[in-house]
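User: Could you take me through one part of this protein slowly? I'm new to this, so please explain the terms as you go.

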Amino acid sequence: MAPTTTPLLSQLAEEISRNTLSIVEYLESNSLPQPSFDSDGPSHLIPRPDEKLAAARHALIEATKALHALAVGPVETTRLFCFNELYLVGAMQVLCHFNVPQQVPLRGEISMGEVSARTGLSEGLLARFLRMAAANYYFTEPRRGFVAHTAWSKTLATDEKMRACVWFRHIEMMPAVVKLVEAAERSPDSAEPQDAAFSLAFGDTFFDHKEKHPGHMIKFGLFVDAFASGDEADTAESIACGYPWEELPGGSLVVDVGGGIGHISAAIARKHVHLKFQVQDFGHLAEESSLLLQKQGVSDRVRFSPHSFFDSQPETAKGAAVFFLRNIMHNWSDLYCRRILKPIVKAMGPNSRIVICDIVLPEPGTIPKTHEARVRALDLTMLSMFNAKERSHEDFQELFTSVDPRLRITAVVGKPKMGTDSLIEARLV
Ligand SMILES: C[S@@+](CC[C@H](N)C(=O)[O-])C[C@H]1O[C@@H](n2cnc3c(N)ncnc32)[C@H](O)[C@@H]1O
């Protein structure tokens, strides 16, 4: 008799049922609210889940994604490819542009006519965009012609960072994604940011475009903040705890290369009071950096130093214990990464190390699909924006070897201490 195997659909349904039960029981036993679409529903399924619960939630997401794909089927999936998502992005962009989320009361309902009058968006269009959003859990129409919040749309009403996420996908990335074919035809494998899809769409490289549109830079900053503080967070806190900073001798200098206004250095400095920091970035960030460092009470140990990372390291940074680069390498092709790393290697002393905070790409197909989709999307974001990329362990080692054959990866800190990003330590050995 042929062996009986449980159909995949049933296996997935069983997995969904088992993990759902664990989560429901946890919420009940901790008197936490059960998830709901209501406007007063919780904004996160489980606030700060422990490792076991996080695993149950991930398994649930993974199994529901697979079950959904099987239920829709191959032809139907392709026939309706991104049909919903495309117009959802459009609808959300219009609704956010006209400040619709902020006009809907956090509790109760309001007529669409009233929202139209307050926002200047025609009532007919408002209704069409709202109904598209409502079909995707953003807003609800409790009775015809009236609108109320769900827990989903409420995030847009109460948090400008959430609105910046909608703005970034639509205004910045959509035009760039449309140019990917042209970029692949015109200059495949180009290492130059000016050949990237973003530059083709906007006529300027990403950072040049930002400099000319300060308003976009502010929204981009809000988006980055929101993106970096999700469930897979690589917060300043996780970086401050993830690396053995405490093992560095007292008075050691950490150079935060391309460190922005120094928020990561400040977080590490607060936790590790025996360390000093030099934050290097463009001079126009000096004032904002000084305000932040004072506010955080670390300005005696964290100094901002205007410096381009393509230039030789200043004398004050030579022999530093750590050259730290967070989310720098993934913005640049190997050609430019070599130009960034060479002056650092020249400035390293016998005990110096480089610590990079970036994604380490997994081997294809070795992690759950939802995680893999996220890191592949990040990789393609880097391609679209800069002609840059995320790198695997092997890619990092090859890059280091091409800069100096002595530069070896000596440690990698990944999950569970870190989220999507890892800390990659390299030394001259
Ligand atoms: C993605 S942000 C990362 C900032 C910071 N490391 C963090 O993790 O928040 C990239 C940073 O590189 C800086 N940058 C770009 N080109 C640079 C250059 N040539 N020299 C120094 N910094 C540069 C930008 O100003 C920006 O602060």
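Analyst: Sure, let's start with the layout. The domain assignment gives domain 1 (8-41 + 52-74), domain 2 (88-158), domain 3 (166-227) and domain 4 (236-428); such bounds come from an automatic or database domain assignment. Residues are numbered from 1 along each chain as its sequence is written. This is a predicted model, so local features need pLDDT of at least 70, side-chain atom pairs count only at pLDDT 80 or more, and totals for chains, interfaces and linings use all residues.

Now zoom in on helix α9, residues 160-178. Helices here are DSSP runs (H or I, at least four residues), numbered from the N terminus. At 1.5 Å a residue, its 19 residues should span 27 Å (the expected span is 1.5 Å times one less than the number of residues). The end C-alpha atoms are 26 Å apart, which agrees.

α9 does have a kink of about 30° at E172, shortly before the proline P175. That bend is the angle between axes fitted to the seven residues ending there and the seven starting there.

E172 is also one of the buried residues of α9, along with M162, R163, A164, C165, V166, W167 and A176. Buried means that 20 or more other C-beta atoms, placed from the backbone, lie within 10 Å of a residue's own. The buried residues of α9 pack against α4 (83-97), α8 (151-158), α11 (197-202), α13 (214-227) and α18 (369-386), where contact means C-beta atoms within 7 Å.

Finally, look around the helix's neighbourhood. The C-alpha centres of domain 2 and domain 3 lie 29 Å apart. Their contact takes four residues from domain 2 and five residues from domain 3.

Technical notes. Two residues are in contact if their C-beta atoms, placed from the backbone, lie within 7 Å. Helices (H or I, at least four residues) and strands (E, at least two) are DSSP runs, numbered from the N terminus. A residue is buried if 20 or more other C-beta atoms lie within 10 Å of its own, exposed if 12 or fewer, and partly exposed in between; C-beta atoms are placed from the backbone.
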